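Biologist: Thanks for sitting down with me. Could we look at this chain together and talk through how it is put together?

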Amino acid sequence: MITEHDITLNVKLPKKVSREMDVFYNPLMVSNRNISITLLNALGKKKLNLALPLAGSGIRALRFLKEVKNIEKLFVNDFKENFKKKFNNALKSNNLKFTKIKIFNEDASQFLFKQKKLDYIDVDPFGSPNPFLPSAVQAISKGGILAITSTDTAALTGTYPKVTQRKYWGRNIKNYMMHEIGLRILIRKVQLQGIQFDKALIPILSYHKDHYFRVYFISEKGKEKCDALLKQHHYLLYNPKTLEFKTSRFNLEKGFDYIGPLWIGKLKDKKLVDKMCKVSFPEEQKFLETIRDEKDIFGFYDLNVVGSKYKLQTPNMQETLKKLKGTRTHFSLTGVKTGKSLKEVIGLLKS
Ligand SMILES: C[S@@+](CC[C@H](N)C(=O)[O-])C[C@H]1O[C@@H](n2cnc3c(N)ncnc32)[C@H](O)[C@@H]1O
């Protein structure tokens, strides 16, 4: 028996978690589940209709039933054989009522295409979310929250640039900002799925953690809102010799490599994250506070990378943050987000 918070599950855990497991449960993803519960409670919406099209062991659904306030209906689906029976057993053994639940055992896209007006959809697949984006975007209601996980980190961080291009419609090449870049390429890809149907998907919380990317979008309606999103799809120009970077509508400038197109807009709704920090699980507190305090601007400087390039002594983090009027970033322990240019940063680090 496995216990996660107040839920117990009868799951066989192999040495290595894999998609071949009879019932899929990944203990490493507890942070992902904790943060989704914190976000739903911080949003404080009433009468929520939630859908978990890729439910796995059902752990997230079971925890939602115990821990999320104001659930009206919870739609749970997985195409694994015997899913209904196993999920029903888990409900019983955790003394949870069946009234709010509808259980499905079919392909996730088919399940989503049949749903209407969902306030929250959690797309939490193995690897890429791509196969489920069209149906999830279609099923999300106006004002609803679309939560997307991607564990497709190699593709998104540019290990294979051709794969990034093919699957995520942008270029990534490895550099120290690869996780922020991967996240922003993913955001644009999801937004394009919505824009074609006049749905503007605006990030309210986006992060990279452990081996996964996660973005929560609020879905708004309207051509103008979609046009406003498109205006924030730019290229990143990066000079690997000097480490200079900037965003641009164009992808050609002497000395610079281009990356993207990608989302250059905000990664979070600060008020929401502030609220989340007040009701968070203790184990997620520090991580969420780092995100809350992080300047919501594009890119960062990695002190080790800049230091070794320009032969600077490794600077003390606290002093450096003051000097650069910067903040830490959750993307890197040695990263600093600041509005200052590379030239200014080097000057200040030397002083
Ligand atoms: C990563 S697991 C989900 C983990 C779960 N969301 C959690 O929080 O623990 C992915 C699940 O999606 C299911 N799955 C994969 N492709 C599917 C499809 N096309 N339709 C329905 N279920 C699918 C798998 O059986 C697996 O249980």
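Modeller: Happy to! Helices and strands here are DSSP runs, numbered from the N terminus, with at least four residues for a helix and at least two for a strand. Please keep in mind that this is a predicted model.

Biologist: How many helices and strands are there in the protein chain?

Modeller: Both kinds of element occur in the protein chain. Counting the runs gives 14 helices and 15 strands.

Biologist: And why is the chain said to be as compact as a globular protein of that length?

Modeller: For 351 residues, the globule rule gives 20 Å. The computed radius of gyration is close to that value, so the chain is as compact as a globular protein of that length. That radius of gyration is 21 Å.

Biologist: Which domains does the assignment give, and what separates their centres?

Modeller: The domain assignment gives domain 1 (2-293) and domain 2 (301-350). Taken over C-alpha atoms, the separation of the two centres is 30 Å.

Biologist: Which element gives the most to the side of domain 1 that touches domain 2?

Modeller: The contact takes 12 residues from domain 1 and 10 residues from domain 2. On the domain 1 side, α8 (178-195), β8 (199-209) and α11 (282-293) each supply at least two residues. With four residues, the element that gives the most is α11.

Biologist: How do the residues of that side divide into nonpolar, polar and charged?

Modeller: We are still on the side of domain 1 that touches domain 2. Its residues divide into five nonpolar, four polar and three charged.

Note on methods:
Residues numbered from 1 in each chain as written. Predicted model: local features only at pLDDT ≥ 70, side-chain atom pairs only at ≥ 80, totals over all residues. Rg over C-alpha atoms; globule rule 2.2 N^0.38 Å. Domains from an automatic or database assignment. Contact = placed C-beta atoms within 7 Å. Nonpolar A, V, L, I, M, F, W, Y, C, P; charged D, E, K, R; others polar.
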